[in-house]
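Trainee: I am new to this structure and would like a close look at a single part of it, the second largest pocket. Could you walk me through its lining, and then show me what else is worth finding in the model?

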Amino acid sequence: MTSSAFWAYGSTLQLGDGATPEVFTSIAEIVELTPPQMSRDEIDVTSHSSSDGYREFIAGMRDGGEVSFRANWLPTNATHDGTTGLLETFNDNNTHNWKIILPNTLATISFAGFLTAFEPDTPLEEQGQLSGTIKVSGKPTVA
């Protein structure tokens, strides 16, 4: 049987500008990208009449999760800097629209969220790196 797996090379993380119509810009030099890690609460509805002494649950609220990324850190790049880039997005306290675009138009994941982590690193024997986390607000869509 032939696999239907895909190579993730070419995936992009994009940030919207909030204008109408909204324009999305790809964040430069992303090297790792983890799409929203969604979860759901469970509500314990166990009672004295639950069958055979087993707990019973119903589905509760969903959480859009978080998106994490790592990039080659480019402090003066317009998509990383404190004027128009990720650092500005971290400091502005606003929820922004984001997109993750998988290669070959396989899927686009759209979501609203805000940066909860902006973590530059300057290791001695490697390139400068930037890690970040985006908290998803609301329901992500996959199209």
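Mentor: Happy to! Let us begin with how residues are sorted: Ala, Val, Leu, Ile, Met, Phe, Trp, Tyr, Cys and Pro count as nonpolar, Asp, Glu, Lys and Arg as charged, and the others, Gly among them, as polar. With that sorting, the lining of the second largest pocket divides into 8 nonpolar, 2 polar and 1 charged. Please keep in mind that this is a predicted model.

The pocket itself has a volume of about 170 Å³. Its lining is made of F6, A8, G10, S11, I30, V31, E32, L33, P35, I100 and L102. You can go through these names with the sorting above and find each group for yourself. Strand 3, residues 30-34, provides the largest share of this lining, with 4 residues.

Now pick out E32, a lining residue that lies in strand 3. Is E32 buried, partly exposed or exposed? Its relative accessible area is 46%. Buried means under 20% and exposed means over 50%, with partly exposed in between, so E32 is partly exposed. Another lining residue, A8, makes a useful partner for E32: the two are 24 residues apart in sequence, and their C-alpha atoms are 9.7 Å apart in space.

On either side of A8 in the numbering you will find W7 and Y9, which form a stacked aromatic pair. The structure holds 1 aromatic pair, and in this one the ring centres are 5.0 Å apart, with 25 degrees between the planes. Both W7 and Y9 are exposed. Another ring to look at belongs to F24: the charged end of K99 sits over it, 4.4 Å from its centre.

For a comparison, turn to the largest pocket, which holds about 220 Å³ of space. It is lined by 15 residues, and L15, G16, D17, T84 and G85 are the closest to its centre. Two elements give two or more residues to this lining, namely strand 1 (12-16) and helix 1 (86-91). Helix 1 gives the most, with 3 residues. Here the lining divides into 5 nonpolar, 7 polar and 3 charged.

The loops are worth a visit too. In the loop between strand 6 (66-72) and helix 1 you will meet T79. Its relative accessible area is 11%, so T79 counts as buried. The side chain of T79 also makes a polar contact with the side chain of N77, at 2.6 Å.

Some backbone angles deserve attention as well. Most residues other than glycine have a negative phi, and most peptide bonds are trans. Against that background, the peptide bond from T20 to P21 is cis, with omega near -5 degrees. P21 is found in the loop between strand 1 and strand 2 (24-26).

D52 has a positive phi of about 55 degrees although it is not a glycine. D52 sits in the loop between strand 4 (39-44) and strand 5 (57-63), and its relative accessibility of 74% makes it exposed. N93 also has a positive phi, near 65 degrees, without being a glycine. N93 belongs to the loop between helix 1 and strand 7 (96-101) and is exposed at 72% relative accessibility.

To return to your pocket, look once more at strand 3, which gives 4 residues to its lining.

Methods. Residues numbered from 1 in each chain as written. Predicted model: local features only at pLDDT ≥ 70, side-chain atom pairs only at ≥ 80, totals over all residues. Heavy atoms only, no water. Phe/Tyr/Trp six-rings, centres within 6.5 Å; stacked < 30°, edge-to-face > 60°. Buried < 20%, exposed > 50% of the residue type's maximum accessible area, 1.4 Å probe, protein only. Lys NZ or Arg CZ within 6 Å of the ring centre and 35° of its normal. 1 Å grid on protein atoms, 1.4 Å probe; cavity = no way out; pocket = protein on both sides within 12 Å on 5 of 7 lines; lining within 4 Å. Points joined across faces, edges and corners; volume = space filled by probe spheres on them. Polar contact = N/O pair within 3.5 Å; in protein donor to acceptor, adjacent residues only side chain to side chain.
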